[in-house]
Amino acid sequence: MQTLFLPIPAPDAGFYQRALDRQTQLTKPPGSLGMLEQLAVKLAALQRRDEPRLENIHISIFAADHGIAAEGVSAFPQAVTAEMVKNFAAGGAAVNVLARQVKAHFEVVDVGLLKPVDLLNVIRERAGAGTENFKIKPAMTEAQLAIALAAGRDAVARAVAAQADMFIGGEMGIANTCSASAMTAALLDAPVADITGAGTGLNDGQIRHKAAVIAQALQTHRQRLSTPLAVLQILGGFEIAALAAAYISAAQQSLPVLVDGFISSVAALVAGKINPDCQAWFFYGHRSEEKGHQRVLDALAAEPILQLGMRLGEASGAVMAVPVLQMACRLHNEMATFSQAHVSGGL
Ligand SMILES: O=C(O)c1ccc[n+]([C@@H]2O[C@H](COP(=O)([O-])O)[C@@H](O)[C@H]2O)c1
Ligand SMILES: Cc1cc2nc[nH]c2cc1C
C-alpha cells in the first residue's frame with residue numbers, strides 16, 4: 001500500500017522545450033497539426049528522447065467479477081466475465097485484433113473471477129472470488145485490496161522488464177460500470193443520475209434502477225468514503241484497483257500510460273487522487289459513449305485522442321489511439337524543417 005505514495009518523476013523540461021522548438025521549425029504553419037503536436041511534445045518530455053517513439057506496447061487486461069451484479073445492474077449475465085477471459089486467451093476479442101494490428105504484447109490477468117479459468121495463458125493473481133455486493137457491505141477487505149494493487153504493479157514490472165515504451169491497461173468485469181459510477185459519485189461529489197449510464201446496454205428504466213442501487217450504497221457507506229483508498233475498497237472492483245496501482249507504478253518508473261474508457265478513466269481518477277503527480281504520465285485514448293465519461297475526463301483535465309462512439313472497454317479505445325500517437329511521433333521525427341527544405345517561414 002505504501003508504494004502507492006512513492007515519488008513520481010516530473011516530465012523533463014529540457015526535452016519538452018526542445019520538442020516544442022522543433023515543432024515550430026517543421027514545414028507547416030505553427031499549430032496546424034493540432035493535438036498531434038502536443039502528443040509528440042509530451043511523449044518526448046516523458047520518454048526523455050528527442051525522437052519520441054511507440055514501438056513496444058504492453059497491454060494488460062485485468063478481469064474480475066462484481067457482487068453488485070446480483071442487483072440486476074448489467075444487461076449481461078455475470079458468466080460473461082469468465083467467458084470473455086477465455087475469448088481473450090484464445091485471441092478472439094476486439095482487443096486481440098487491435099493488439100495484433102499494432103504488434104503489442106498482450107496479456108490477461110485474473111484478479112478475481114468468481115471461478116478461476118483453467119488456462120495457462122491467463123495470469124492468476126486473484127484477490128478473491130469476485131467482490132462483495134457493495135450495496136450491502138464493502139466490496140473488498142483491505143487485504144484483498146492489497147492483492148489487487150500488487151497485481152497491477154506486477155503487470156507494470158513485466159512491461160518495464162520488456163522495455164515497453166507505453167503501458168495500456170484494460171478491464172473486463174460485468175457490472176463494473178456500476179462500481180465505476182459509484183466511485184465517480186463519491187470522488188467528485190457528483191449527482192448519481194449524471195454519471196450513471198447504460199453500460200453494456202441497459203434501457204432507461206434499468207438505468208434508473210442502477211442509479212437507485214448506487215444512491216443507496218453511497219448512503220450506506222457515506223461515513224467511510226473519506227479517502228480515495230476507502231472509495232476503492234468499498235465501491236471498487238479488483239480490476240479497477242489493479243489498474244489504479246498499475247497507472248501509479250508506471251508513472252513512478254517513467255513509463256507513459258494510455259488510458260482507455262470510462263472504467264479505466266475512473267481508475268486514473270482515483271490514482272490521481274492517491275498520488276497526483278501520476279497524471280502527468282497519462283494519455284487518454286478515447287471518449288467513451290458511457291454517460292459519466294466526459295465528467296471524469298473533465299475532472300482529469302483530459303483531452304481524449306479519439307471519439308468514435310465506442311463503449312466496449314477491454315482497452316479497445318486505447319489501442320485504437322496507438323496509430324495516431326505513432327504518426328504524431330513520426331511527423332515530429334521525420335518532417336523536414338523550413339531551413340532543410342528551403343521553405344520560407346511565416347511573418
Ligand atoms: O470502457 C468503457 O467506457 C465501457 C463502457 C461500458 C461498458 N464497458 C464494458 O462492459 C462491462 C461493464 O458493463 P456493465 O453494463 O456490465 O456494467 C465491462 O466489461 C466493461 O469493459 C466499458
Ligand atoms: C460480450 C462483452 C464483451 C466485453 N468486453 C468488455 N466488456 C464486455 C462486455 C460484454 C458483454
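The following paragraphs describe the two ligand shells, one annotated residue, one enclosed helix and the nonpolar core of a predicted model.

The prediction carries an ipTM of 0.99 and a pTM of 0.99 for the complex. For the protein chain the average pLDDT is 98, and 100% of the residues score at least 70.

Around ligand 1 there are 24 residues, of which Ser74, Gly199, Gly261, Ser288 and Gly313 come nearest to the ligand. Divided by class, this shell holds 10 polar, 9 nonpolar and 5 charged residues. Among the secondary-structure elements, strand 4 (166-172), helix 6 (176-188) and helix 10 (262-274) each contribute at least two residues to the shell of ligand 1, and the largest share, 3 residues, is that of helix 6. The surroundings of ligand 2 consist of Phe76, Val80, Met84, Met172, Thr200, Leu312, Gly313 and Glu314, a set that divides into 5 nonpolar, 2 polar and 1 charged residue. Gly313 is thus listed among the residues that come nearest to ligand 1 and is also found in the shell around ligand 2.

Glu314, a member of the shell around ligand 2, is the residue that an unreviewed UniProt entry lists under "active site". In the model Glu314 is located in the loop between helix 11 (293-299) and helix 12 (316-334), and it counts as buried because 26 C-beta neighbours lie inside 10 Å. When its neighbours within four places in sequence are left aside, Glu314 is in contact with Ile61, Ala93, Ala94, Val95, Gly170 and Met172; of these, Met172 also belongs to the surroundings of ligand 2.

The backbone of Glu314 has a phi near 50°, a positive value in a residue other than glycine. Most residues other than glycine have a negative phi. A phi near 50° is likewise found at Arg48, again a positive value in a residue other than glycine. Arg48 is placed in the loop between helix 2 (35-47) and strand 1 (57-64), and, because 14 other C-beta atoms lie within 10 Å, Arg48 is classed as partly exposed, whereas Glu314 is buried.

Helix 8 (residues 228-235) is largely enclosed by the rest of the structure, because 6 of its 8 residues are buried. The buried positions are Pro228, Val231, Leu232, Gln233, Ile234 and Leu235, and these residues of helix 8 pack against helix 5 (142-161), helix 6, helix 7 (204-221), helix 9 (238-252) and helix 10. Two of these packing partners, helix 6 and helix 10, also supply residues to the shell around ligand 1.

The largest nonpolar core comprises 112 residues, and within it Ala242, Ala244, Tyr247 and Val319 touch the most other members. Helix 9 gives the most to this core, contributing 12 residues. Beyond its neighbours within four places in sequence, Val319 is in contact with Ile59, Val95, Leu98, Ala99, Val102, Ala104 and Ile168. Val95 is therefore a contact partner of Val319 as well as of Glu314.

Conventions. Residues are numbered from 1 along each chain as its sequence is written. Chains are lettered from A and ligands numbered from 1 in the order in which they are written. This is a predicted model: local features need pLDDT of at least 70, side-chain atom pairs count only at pLDDT 80 or more; totals for chains, interfaces and linings use all residues. A residue is near a molecule or strand if its C-beta atom, placed from the backbone, lies within 6 Å of it. Helices (H or I, at least four residues) and strands (E, at least two) are DSSP runs, numbered from the N terminus. Ala, Val, Leu, Ile, Met, Phe, Trp, Tyr, Cys and Pro count as nonpolar, Asp, Glu, Lys and Arg as charged, and the others, Gly among them, as polar. UniProt positions are given in the numbering used here, feature names are shortened, and annotations may be inferred rather than shown by experiment. A residue is buried if 20 or more other C-beta atoms lie within 10 Å of its own, exposed if 12 or fewer, and partly exposed in between; C-beta atoms are placed from the backbone. Two residues are in contact if their C-beta atoms, placed from the backbone, lie within 7 Å. pLDDT is the predictor's confidence in each residue, from 0 to 100. A nonpolar core is a set of buried Ala, Val, Leu, Ile, Met, Phe, Trp, Tyr and Cys residues joined through C-beta atoms within 7 Å.
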